[in-house]
Amino acid sequence: MLVLPQADGSAKPYRLSGTPTGRPQQIPQFSRIAYAAAHVVSDPRRDAAPWNSTAIDWDATMAFRHHLWELGFKVAEAMDTSQRGMGLDWTGAQELIRRSLAESRTVAGADLACGAGTDHLDPADAKSLDDVIKAYETQAEFVENHGGRFILMASRALARIAKSPDDYAKVYGHILSQAREKVVLHWLGDMFDPQLHGYWGAQNFEQALDTVISIIEANRDKVEGIKISLLEERYEIALRDRLPEGVLCFTGDDFNYAPLIEGDGNKHSHALLGIFDAVAPQASNALAALAKGDKERFRAIIAPTVPLSRKIFEAPTQYYKAGVVFLAWLNGHQSHFTMPGGMQSARGMVHYADIFRLADKANVLDKPDLAITRMKRLMAVYGIE
């Protein structure tokens with residue numbers, strides 16, 4: 001029993017009712033490609049100026065990747081869930097990529113792809129498309145030179161400097177033509193990053209979709225698929241329906257992933273999701289059930305995680321990382337609740353209390369006694385006892 005704050009300013013007792021989800025005896029097999037975008041673990045003992053520097057607990061960060069691999073997931077490394085551009089700079093991302101690629105080679109069957117973007121280039125310093133291309137080349141070459149595959153992330157600098165869809169086609173075409181292996185593109189909506197407003201040189205979805213499809217068709221031998229993160233199920237379905245044969249759709253819709261992954265009997269989405277970091281055991285069990293054709297069990301397991309995900313990713317959506325790391329702390333994957341850039345302060349105690357209750361209902365609290373103890377301590381710091 002503990003006391004949690006309510007939206008109306010009151011505080012009420014709460015008793016856990018969920019059941020921890022069991023872990024598989026062996027690595028499960030999925031019928032969908034499933035990437036979990038993984039977070040990084042801060043080191044509060046060294047992070048003396050968290051707004052101005054990044055200190056990472058590498059042991060805990062790598063241990064979390066093992067947690068995901070053991071549950072059957074591929075890892076989407078150094079993506080926005082790792083706080084790229086919001087606490088993790090390119091220097092830190094390089095170290096993360098190096099370590100994760102090396103770590104993956106110690107685990108049979110472990111797989112990952114790493115985000116390559118332009119975040120070391122201040123958008124204000126980009127004077128031409130060539131500046132953006134060079135920035136992309138720097139990061140893509142780094143990933144490939146360390147034996148990795150890259151996910152082509154959206155670029156704030158490109159969003160600022162591009163004048164037309166043709167500019168996007170030029171930049172993406174150049175980078176894709178040089179890629180050693182097939183690449184996953186990332187269509188990230190401005191709810192995740194306001195600086196990406198008007199991406200693809202368009203102010204509406206239909207125009208943006210035309211541009212995306214034309215880029216993919218022009219480079220289809222280099223495109224494995226595209227992750228779409230617009231939090232609109234109909235947009236993802238529209239994209240999925242227009243993709244060329246053999247090009248995969250990866251859902252990044254943390255609001256509607258359950259039906260998109262299940263599909264409509266004709267087409268389905270694969271997954272590249274930040275929420276899988278937070279609900280990995282549940283998502284693993286659900287995906288394993290779907291692979292066996294047991295759609296009812298898939299729905300029964302995955303459905304309760306959706307309200308939790310919608311709370312974590314509520315507006316301002318770019319602060320969702322705080323909820324993801326909060327749950328990692330409650331479940332014992334790290335010994336503290338601090339984040340690079342001090343991002344744990346991006347959400348309030350009522351938000352965290354709502355996450356706690358929804359996580360309980362979704363059977364996401366793997367260690368109930370530990371979760372209660374840590375939640376009580378957090379609430380006490382803010383005078384809620």
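**Salt bridges, a barrel and a buried helix**

The side chains of arginine 234 and glutamate 232 meet in a salt bridge, at 3.5 Å from N to O. A salt bridge here is a side-chain nitrogen of Lys or Arg within 4 Å of a carboxyl oxygen of Asp or Glu. The model is predicted: local features need pLDDT of at least 70, side-chain atom pairs count only at pLDDT 80 or more, and totals for chains, interfaces and linings use all residues. Residues are numbered from 1 along each chain as its sequence is written, and side-chain values use heavy atoms, with hydrogens and water left out.

**Exercise 1. Place the two partners of this first pair on the scale of exposure.**

Start with the scale. Buried means under 20% relative accessible area, exposed means over 50%, and partly exposed lies in between (1.4 Å probe, protein chains only). Arginine 234 has 52%, so it is exposed. Glutamate 232 has 32%, so it counts as partly exposed.

**Exercise 2. Find which elements the salt bridge of glutamate 77 and arginine 65 ties together.**

Side chains of opposite charge can pair when their charged atoms come close. Here the N to O distance between glutamate 77 and arginine 65 is 2.8 Å. Glutamate 77 lies in strand β4 (residues 74-77) and arginine 65 in helix α1 (residues 58-70), so the bridge ties together parts 12 residues apart in sequence. Helices (H or I, at least four residues) and strands (E, at least two) are DSSP runs, numbered from the N terminus. Now the exposure: both glutamate 77 and arginine 65 are buried.

**Exercise 3. Describe the link between lysine 267 and aspartate 241.**

The closest N and O atoms of this salt bridge are 3.8 Å apart. The bridge links distant parts of the chain, 26 residues apart. Lysine 267 sits in the loop between α8 (257-262) and β10 (270-273), while aspartate 241 belongs to helix α7 (residues 233-242). Lysine 267 is partly exposed at 29%. Aspartate 241 is partly exposed too, at 44%. Elsewhere, salt bridges with shared partners join Lys311, Glu314, Asp354 and Arg357 into one network. The structure holds 18 salt bridges in total.

**Exercise 4. Check the span of helix α14, then determine how it is covered.**

The expected span is 1.5 Å times one less than the number of residues. For the 13 residues of α14 (residues 349-361) that gives 18 Å; the end C-alpha atoms are 19 Å apart, which agrees. Next, the cover: 10 of the 13 residues are buried. Asp354 and Arg357, among the buried residues, are also in the salt-bridge network. The covering elements include β1 (2-5), β2 (11-14), α12 (305-312), α13 (320-330) and α15 (368-381). Histidine 351 is in α14. At 7% relative accessibility, histidine 351 counts as buried. Beyond four places in sequence, histidine 351 is in contact (heavy atoms within 4.5 Å) with Lys311, Ile312 and Glu314. After the helix comes asparagine 363, with a positive phi near 60°.

**Exercise 5. Trace the barrel, then locate valine 143 beside it.**

Eight strands close the barrel in the order β3-β4-β5-β6-β7-β8-β9-β10, with parallel pairing. The twist averages 30° from one strand to the next. Strands pair if DSSP finds at least two bridges between them. β5 (residues 112-116) and β6 (residues 150-152) run parallel and are joined by three. In this pair, cysteine 114 stands opposite phenylalanine 150 of β6. Helix α3 (residues 129-145) packs on the sheet and touches β5 and β6. Its direction makes about 160° with that of β5. Such axes are lines fitted to C-alpha atoms, for helices over the stretch in contact, and angles run from 0 to 180 degrees between N-to-C directions.

Valine 143 is in helix α3. With a relative accessible area of 0%, valine 143 is buried. Leaving aside neighbours within four places, the contacts of valine 143 include Cys114 and Phe150, as well as Ile97 and Leu101. The C-alpha atoms of valine 143 and arginine 98 are 8.2 Å apart, across 45 residues of chain.

**Exercise 6. Test the whole chain against the globule rule.**

The rule is 2.2 Å times the number of residues to the power 0.38, and the radius of gyration is taken over C-alpha atoms. For 385 residues a compact globule would have a radius near 21 Å; the chain has 20 Å, which agrees. The C-alpha trace spans about 60 × 50 × 45 Å along its principal axes. Of the 385 residues, 58% are buried. The chain has 15 helices and 10 strands.
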